Amino acid sequence: MTIKPLADRVVIKMTEAEETTKSGIILSGSAKEKPQIAEVVAVGKDVKVCKPGDYMTGRPQLVCGKCGPCRRGQYNVCENLRVQAFQADGVAQDYFITDEDRVVVLPEGMSLDYGAMIEPVAVGAHSTARAGEIAGKNVVVSGAGTIGNLVAQFAIARGAKKVLITDVSDYRLDVARRCGIENTLNVTRVPLSEGIKDVFGDEGYQVGFEVAGVESSICSLMETIEKGSTIVVVAVFAKDPQLSMFYLGEHELSLIGTMMYRHEDYVKAVEEVGKGNINLEPLISDRFSLEDYDNAYKYIDENRATAMKVIIDLDK
């Protein structure tokens, strides 16, 4: 099969995908979902970032390039943002054409499993960058699902002094420890106010990441973080929380939002995974062939409490 792309386009063959149990399914071989990892099979005459035979991942964002956020480089919050698999078609086909400026080539030898998971890793890269300089600071990550886990790992990779991750699930906290996140806390048994004393002592913590998406989580962070510090809200809340303006104002907290990622976050994600600073293996719960697609969904439905990431191999 021969496909001739436009000058700045890249033709890719889908090879592997990942699914997540957080807020639905992510499957890059589905019309409903995002591209994750593919082999480059043809490139336009002006393409410089990749060549046939390379393996790549790519951002699923389609942006207008004309609105205020786009003009100042914040295209991840484009006023007309469409995301492949949500507001735009995904990649339910063997071959797919993408723009050169969304391609990130994977280094030779990187596991295709890891390449399929770069998209959520990039969320960790972007959200930790939103917090500013965190090297040498103590960090609390509230929520130990896949994204919270990756945020915590990225905080460690960026030089945080100590990182504490919290959750209500012992299983997710065990996965966090297997990923190299040493300090964990089940807040159903020990409140955050006590847990931070055990981990940080009198130093307290200066950066918080809300990745649980529940009111009690963000309120606890606001009540316990050091005055003058920063909290980054990563989670998508199903219901708007009621927040204390007292803590926000009197403690001079910076409450910052974060949305997806930009190209440099994909590049940083690939770099840190390639260096071995982000451990993805414990996050892979199971794998299925494309022909076993229905059983992959059944597995997730039956294992909601423990399924983190499920790999779909599109070549099998």
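**Stop 1: G276**

Select G276, which counts as exposed because its relative accessibility is 52%, and the cut-off for exposed is over 50%. Keep in mind that this is a predicted model. G276 sits in the loop between α9 and β14 (284-289). Now add A157 to the selection. In sequence, G276 and A157 are 119 residues apart. In space, their C-alpha atoms are 9.8 Å apart.

**Stop 2: the end of α9**

Step back from the loop into helix α9, residues 263-275. Select E271 and K275. Their side chains form a salt bridge, 3.1 Å from N to O. The two residues are four apart in α9, so about one helical turn separates them. How exposed is each partner, E271 and K275? E271 is partly exposed at 34% relative accessibility. K275 is exposed, with a relative accessible area of 54%. Next, add K268 and E272 to the view. Salt bridges with shared partners link K268, E271, E272 and K275 in one network.

**Stop 3: where α9 meets α3**

Keep α9 on screen and show α3, residues 118-130. A pair of packed helices is described by the angle and the distance between the two axes. Here the axes of α3 and α9 come within 8 Å. They cross at roughly 105°. That angle falls between 65 and 115 degrees, so α3 is roughly perpendicular to α9.

Show side chains at the contact. From α3, select I118, E119, V121, A122, A125 and H126. From α9, select D265, Y266, K268, A269, V270 and V273. Colour this contact by class: eight residues are nonpolar, one is polar and three are charged. K268 appears here and also in the salt-bridge network of α9.

**Stop 4: the largest nonpolar core**

Stay with V121 and move inward. In soluble globular proteins, nonpolar side chains tend to be buried together. The largest nonpolar core in this model has 52 residues. Which members touch the most others? Select V121, V139, V141, I165, F209, L280 and L283. Then colour the elements that give two or more residues to this core. Among them are α3 and α9, along with β8 (138-142), β9 (162-167) and β11 (207-210). Helices α4 (146-157) and α5 (170-178) also belong to that group.

Zoom in on V141. Beyond residues up to four places away in sequence, V141 touches G148, V151 and A152. Its other contacts of this kind are V163, L164, I165, T166, F209 and V211.

Now look for a second, separate core. This one has 17 residues, including L185, I218, M222 and V233.

**Stop 5: D167 in strand β9**

Select D167, which is found in β9. Is D167 buried or exposed? D167 is buried because its relative accessible area is 8%, below the 20% cut-off. Show the contacts of D167, leaving aside neighbours within four places in sequence. They are G143, A144, G145, R172, L173, L185, N186 and V187. L185 is also a member of the second core.

Pick out R172 from that list. D167 and R172 form a salt bridge, with the closest N and O atoms 2.8 Å apart. R172 is partly exposed at 21% relative accessibility.

**Stop 6: K45 and D46**

The structure holds 14 salt bridges. For one more, select K45 and D46. Their closest N and O atoms are 3.3 Å apart. K45 is exposed at 71% relative accessibility, whereas D46 is partly exposed at 38%.

How values were computed:
Residues numbered from 1 in each chain as written. Predicted model: local features only at pLDDT ≥ 70, side-chain atom pairs only at ≥ 80, totals over all residues. Heavy atoms only, no water. Core = buried A, V, L, I, M, F, W, Y, C linked by side-chain atoms within 4.5 Å. Buried < 20%, exposed > 50% of the residue type's maximum accessible area, 1.4 Å probe, protein only. Contact = heavy atoms within 4.5 Å. Axes fitted to C-alpha atoms, helices over the stretch in contact; angles between N-to-C directions. Parallel < 35°, antiparallel > 145°, perpendicular 65-115°, else oblique. Nonpolar A, V, L, I, M, F, W, Y, C, P; charged D, E, K, R; others polar. Salt bridge = Lys/Arg side-chain N within 4 Å of Asp/Glu carboxyl O.
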